[in-house]
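Got your viewer open? Let's take a short walk through this model, one selection at a time.

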Amino acid sequence: MPTPQLIAFDADDTLWPNQPHFDQAEADLSELLSHYADAETLSAAFNQTHRQNMHLFGYGAKSFMLCMIETVIQLTDGRVTGTEIQQILDCGKRLLSFTIEPLPHVEAVLSELKDRGVPLMLLTKGDLFDQESKLARSGLGDYFEYVEIVSEKNEAAYRRILARYQVPPEAFVMIGNSLKSDILPVAKLGAQAIHVPFYTTWIYEQVPEEELAGVSFHQVASLNEVLRYL
């Protein structure tokens, strides 16, 4: 791999666990609301509502709360109680404040790369306040020279970032767990992408195998393995 001018890291489920908290929140709410619908029905309805609202609410805990409230109102024809809505809000608030614990090897890898003198960027998508809060709670902020929080991670977003920092695609490296957001758009631009799989992936970040055909990227089993590519 050519010597990079800029190395960017995804945040959620790359540097710290995120999706497991949302999976647990949905399971908790399914149990709470089980007298209205079974878990499968609630999950299917919630995913449909989330998909319909994503262009309005974006990503993150606030979107989760609003979509879950709308889902339950629709499933119950408005019979859901104020107490139950408050419980959904409380669940969402916990998603905005859970303790951030870096995943294995994260600090060692960031420290090694920082010592090498290559600028590091945190590049994540989602709610600005929520993502800034996660970074602050993680204690990892000092490793990054740049932080970019975007509403979507697609080819257009990456082009804007590369232009802003005056980095050619071949000198840019993106490291993350999402094939959809961190790997495919970067590889299609001719930049370097390193996939670090996480054990669970949000349904909207999953990519059919056929979309990966002919796409060039590296895949590692653990974050510490990225050092051999850089």
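**Stop one: a tucked-away tryptophan**

Start by selecting tryptophan 16: its relative accessible area is 1%, so this residue counts as buried, the cut-off being under 20%. Keep in mind as you look around that the model is predicted. To place tryptophan 16 in the fold, colour by secondary structure: you will find the residue in the loop that runs between strand 1 (6-9) and helix 1 (19-32).

Now show the surroundings. Leaving aside residues up to four places away in sequence, tryptophan 16 touches Ala11, Ile100, Glu101, Pro102, Leu103, Lys134, Leu135, Ser138 and Leu140. Pick lysine 134 from that group and draw a distance between C-alpha atoms: tryptophan 16 and lysine 134 are 118 residues apart along the chain, and their C-alpha atoms are separated by 9.2 Å. Next, add aspartate 12 to your selection; its side chain is joined to that of tryptophan 16 by a polar contact of 2.8 Å.

**Stop two: helix 5**

Move on to residues 106-116, which make up helix 5, and show Val106, Val109, Leu110 and Leu113 as sticks; these four are buried. Turn the view until you look down the axis of helix 5: the buried residues fall within an arc of 95°, so they line one face of the helix. What do the buried residues of helix 5 pack against? Bring up strand 1 and strand 2 (120-125), and you have their packing partners.

Then rotate to the face of helix 5 turned away from its buried side, where Ala108 and Asp115 are exposed. Finish with glycine 117, which follows helix 5 and has a positive phi, near 90°.

How values were computed
Residues are numbered from 1 along each chain as its sequence is written. This is a predicted model: local features need pLDDT of at least 70, side-chain atom pairs count only at pLDDT 80 or more; totals for chains, interfaces and linings use all residues. Side-chain values use heavy atoms; hydrogens and water are left out. Helices (H or I, at least four residues) and strands (E, at least two) are DSSP runs, numbered from the N terminus. Buried means under 20% relative accessible area, exposed over 50%, partly exposed in between (1.4 Å probe, protein chains only). Contact means heavy atoms within 4.5 Å. A polar contact is a pair of N or O atoms within 3.5 Å; within protein, one must be able to donate a hydrogen and the other to accept it, and residues adjacent in sequence count only if both atoms are side-chain atoms. The arc is that of the directions from the helix axis to the C-beta atoms.
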